[in-house]
Amino acid sequence: MIKHPFAIYRLPFADECTVVVQESGMPEMYDSIAELEGRSGFVMIPFACDGKQRIVLIRPDRLYVKAVADVASEKVKLCDEMDTLPSYGKDQYGCAFSKFHEVLNDGQFEKLVLSRYNVRDCAGDVVEAFKRACDAYPRMMVYLCSAPGCGTWIGCTPEILLSGSKNHFRTVALAGTVPLSQTDANFIWSEKNKREQGIVADYVRKTLYSFASVIEEEGPYNSRAGQLLHLKTHFHFSPKQGCGLTSIVESLHPTPAVCGMPKEKSLHFIVENEGYERGYYTGVVGMFDPNGKTDLYVNLRCASVIKGQAVLYAGGGILASSDAESEWQETEEKMKTVGDIL
């Protein structure tokens with residue numbers, strides 16, 4: 001049985017998953033992404049690195065690969081230290097939406113991302129749920145992480161923040177959402193979705209020019225994630241000589257796909273007005289290794305598991321043209337991704 005801090009993750013289209021176990025002591029804790037320079041391990045980075053939630057790094061004291069088909073045999077002891085959350089209903093979401101929509105109408109922001117959570121019972125085996133997620137979502141990065149400092153999280157995320165090694169890395173601009181059930185051969189993206197994706201792509205592009213000597217761009221194109229369809233642009237780049245990975249991660253996170261524009265102003269507004277603390281939702285999750293392969297993803301389609309309950313998270317981009325009912329329904333669809341496998 002794994003009794004220490006651990007993470008299990010499966011990269012898109014892989015038949016194997018990687019198990020990371022810290023054999024002794026507490027996970028390493030940091031207050032800023034810059035402090036990860038020279039370190040390696042599985043990381044959980046919060047949405048807002050403001051001291052309320054710290055960056056957690058699980059050292060890879062023991063690291064091994066296991067077939068997805070066999071992963072359910074792993075027995076684990078989960079960290080259950082986090083507090084449960086009160087219910088969060090449609091009225092609370094509507095109140096937050098009004099605050100967000102007002103400042104968008106005033107022209108103070110180009111885009112904001114509003115999120116919410118939903119608490120439900122979760123009595124099943126989370127390792128079994130991890131395997132079900134791997135089987136159901138081959139296109140996504142699937143993970144299960146449990147450690148003091150962050151608690152227990154499970155997720156299936158389609159959005160790369162930074163992936164690669166040495167001189168070749170990639171990232172994506174992922175935004176715009178529609179259920180697959182609403183698409184057909186004649187489907188055309190709405191102007192709202194196209195603009196939302198364009199804002200994210202512009203930000204990523206401008207950010208990479210500060211760090212990359214060569215940038216190649218593909219898209220935007222349709223990208224399926226579970227029962228949802230998104231617009232995605234891929235960026236491939238080679239970092240400039242002497243450019244540290246922490247600088248790139250710090251500049252990309254949080255992207256407008258999970259925050260808004262302007263970035264710092266949006267981050268502050270969300271923290272003050274969203275109505276709850278996101279914690280590690282819309283943060284960064286994955287393997288950070290400056291000397292090997294780095295695979296970091298935006299922590300979407302995820303849930304924290306606390307004392308027999310699961311807290312499911314979802315959000316969406318808000319523009320001046322958005323309406324509350326449509327955005328609420330989008331979060332309902334997004335929560336099904338991880339809700340269906342729990």
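**Exercise 1. Decide whether K166 is buried or exposed in this predicted model, and describe its backbone and its place in the chain.**

Step 1. The relative accessibility of K166 is 75%, and a residue counts as exposed when this value is over 50%, so K166 is classed as exposed.

Step 2. Turning to the backbone, K166 has a positive phi of about 50 degrees, although K166 is not a glycine. As background, most residues other than glycine have a negative phi.

Step 3. To place K166 in the chain, look in the loop that runs between strand 10 (160-165) and strand 11.

**Exercise 2. Work through the same points for K307: what is the sign of its phi, where does K307 lie, and is it buried or exposed?**

Step 1. The phi of K307 is near 50 degrees, which is a positive value in a residue other than glycine.

Step 2. K307 belongs to the loop between strand 17 (302-306) and strand 18.

Step 3. With a relative accessibility of 51%, and with the cut-off for exposed set at over 50%, K307 therefore counts as exposed.

**Exercise 3. Find which residues are joined by the cis peptide bonds that lead into P254 and P262, and state the loop in which each proline lies.**

Step 1. Recall first that most peptide bonds are trans.

Step 2. The bond from H253 to P254 is cis, with omega near -10 degrees, and P254 sits in the loop between helix 4 (245-252) and strand 14 (260-261).

Step 3. Another cis peptide bond joins M261 and P262, where omega is about 0 degrees, and P262 is found in the loop that connects strand 14 with helix 5 (263-273).

**Exercise 4. Describe the largest cavity: what is its volume, which residues lie nearest its centre, and which elements contribute to its lining?**

Step 1. Counting cavities of 30 Å³ or more gives one cavity, and the volume of the largest cavity is about 190 Å³.

Step 2. The lining of this cavity is made up of 21 residues, and those nearest its centre are A257, L300, R301, G315 and K334.

Step 3. At least two lining residues come from each of strand 11 (168-179), strand 18 (309-318) and helix 6 (324-339), while strand 18 supplies the largest share, namely five residues.

Step 4. Sorted by class, the lining of the largest cavity contains nine nonpolar, seven polar and five charged residues.

How values were computed: Residues numbered from 1 in each chain as written. Predicted model: local features only at pLDDT ≥ 70, side-chain atom pairs only at ≥ 80, totals over all residues. Heavy atoms only, no water. 1 Å grid on protein atoms, 1.4 Å probe; cavity = no way out; pocket = protein on both sides within 12 Å on 5 of 7 lines; lining within 4 Å. Points joined across faces, edges and corners; volume = space filled by probe spheres on them. Helix = DSSP H or I, 4+ residues; strand = E, 2+ residues; numbered from the N terminus. Nonpolar A, V, L, I, M, F, W, Y, C, P; charged D, E, K, R; others polar. Buried < 20%, exposed > 50% of the residue type's maximum accessible area, 1.4 Å probe, protein only.
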